[in-house]
Amino acid sequence: MNNLIKFIEGLPKAELHLHIEGSLEPELMFELAKRNNITLPFKDIESVKSAYKFNNLQEFLDIYYQGANVLRTEEDFCDLAMAYFYRAHRDNVVHTEIFFDPQTHTDRGIPFNVVMNGLLAGIAKAESELGMSVQLIMCFLRHLDEESAFATLRMAEPFLDKITGVGLDSSEVGNPPSKFRHVFAEARKKGLKLVAHAGEEGAASYIKEALDILGIDRIDHGNRITEDHLLLTKAARSAMALTMCPLSNQKLQVVPDLRNHPLPYLLRHGLRVTINSDDPAYFGGYVNDNYKALAKYCDLKADDFIEIARNSFLGSFLPDQTVSAYLDVLDKYVDSF
Ligand SMILES: [Zn+2]
């Protein structure tokens with residue numbers, strides 16, 4: 001087991017499901033609150049941590065939006081991003097495709113370009129200092145209406161060459177993918193990749209909608225695809241990638257006991273599953289912690305983790321040539337271990 005843990009830690013990997021706002025650690029939250037003269041509803045770091053007990057997705061989101069309130073300036077967004085890149089780098093993440101939620105910021109008066117310029121400064125630093133490659137996926141908040149998503153897409157217009165794709169996050173149940181069919185069609189026309197959270201708390205029909213109506217290129221979570229075998233077979237045949245997040249599932253009671261996590265089953269059925277950290281500051285672990293949690297609770301061997309790491313590159317939005325280069329690095333690591 002110890003050997004497997006060491007092997008997992010060193011595996012070169014990509015992270016494909018990470019909300020940058022969800023990487024805001026309580027320590028940085030306090031630092032930014034102080035910098036921006038904001039009074040937090042928590043007296044210290046410990047009371048923030050003890051507030052991180054959630055029974056479902058909504059309870060988490062309520063506190064997540066509160067935390068994001070400390071992000072005000074380009075410098076704040078740059079510091080937030082850099083804190084994540086340093087941390088991911090330690091887990092041997094060599095490529096990452098990060099989500100950001102512009103509406104969380106524009107709705108409280110932070111201009112879109114402040115968010116973008118801050119994140120882009122962080123990305124440039126990660127590329128030059130850490131040698132990581134980074135792509136940006138702009139998420140629409142699904143509890144808001146489609147018109148608000150359209151407004152966000154219009155704000156993103158000057159930055160479209162810096163944004164790889166669009167996604168869909170926030171409260172899933174009651175906000176099916178079809179609610180956003182027009183804005184996703186528009187994003188596709190602009191050459192953007194499409195992803196959506198589906199089948200985390202929502203039924204398998206949400207995954208089906210995301211695939212058939214939105215035409216997504218990758219599924220975020222997708223746990224409940226196990227409930228529709230036809231859909232599962234179809235997704236496996238088209239090498240559809242799933243960005244799964246075990247510790248998030250555990251913390252939000254989607255899969256309270258990780259021994260029942262669907263990832264091993266989906267891996268055996270040929271789905272391109274990947275392991276990711278979702279909102280690591282809130283869910284108790286970065287990407288390697290998620291790999292290790294599955295190593296502990298599920299029957300997965302070194303070969304399975306190699307396949308999962310391979311999937312993380314194959315399921316990325318990198319050009320084929322770059323994917324091949326990363327797979328070579330991965331093979332070299334495996335050979336040398
Ligand atoms: Zn997520």
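Here are a few friendly questions and answers about this predicted model.

Q: How do you know that the size of the protein chain agrees with a compact globule?
A: A compact globule of 337 residues would have a radius of gyration near 20 Å, and the protein chain has 19 Å, so the two agree. The C-alpha atoms fill a box of roughly 50 × 40 × 40 Å along the principal axes.

Q: What makes a residue count as buried, and what percentage of the protein chain does?
A: A residue is called buried when its relative accessible area is under 20%. Of the 337 residues, 60% count as buried.

Q: Why is a set of residues called a nonpolar core, and how many residues has the largest one?
A: The name applies because its members are buried residues of certain nonpolar kinds, joined through side-chain atoms within 4.5 Å. The largest such core has 111 residues, and Phe-85, Phe-184, Ile-225, Tyr-282 and Phe-305 have the most contacts inside it. Helix H7 (residues 112–130) gives the most to this core, with 9 residues. Another core, of 5 residues including Phe-99 and Val-195, lies apart from it.

Q: What makes a space a cavity, and how many of 30 Å³ or more are there?
A: A 1.4 Å probe must fit inside but be unable to get out. The count comes to 1 cavity of 30 Å³ or more, and the largest cavity has a volume of about 110 Å³.

Q: Which residues line the largest cavity?
A: Its lining has 15 residues, with His-19, Phe-60, Leu-61, Asp-169 and Ser-170 nearest the centre. They divide into 6 nonpolar, 4 polar and 5 charged. Helix H4 (residues 57–68) gives the most to this lining, with 5 residues.

Conventions: Residues are numbered from 1 along each chain as its sequence is written. This is a predicted model: local features need pLDDT of at least 70, side-chain atom pairs count only at pLDDT 80 or more; totals for chains, interfaces and linings use all residues. Side-chain values use heavy atoms; hydrogens and water are left out. On a 1 Å grid over the protein atoms alone, a cavity is a set of points where a 1.4 Å probe fits but cannot get out, and a pocket is an open set with protein on both sides within 12 Å along at least five of seven lines; lining residues have an atom within 4 Å of a point. Grid points are joined across faces, edges and corners, and a volume is the space filled by probe spheres set on the points. Helices (H or I, at least four residues) and strands (E, at least two) are DSSP runs, numbered from the N terminus. Ala, Val, Leu, Ile, Met, Phe, Trp, Tyr, Cys and Pro count as nonpolar, Asp, Glu, Lys and Arg as charged, and the others, Gly among them, as polar. Buried means under 20% relative accessible area, exposed over 50%, partly exposed in between (1.4 Å probe, protein chains only). The radius of gyration is taken over C-alpha atoms; the globule rule is 2.2 Å times the number of residues to the power 0.38.
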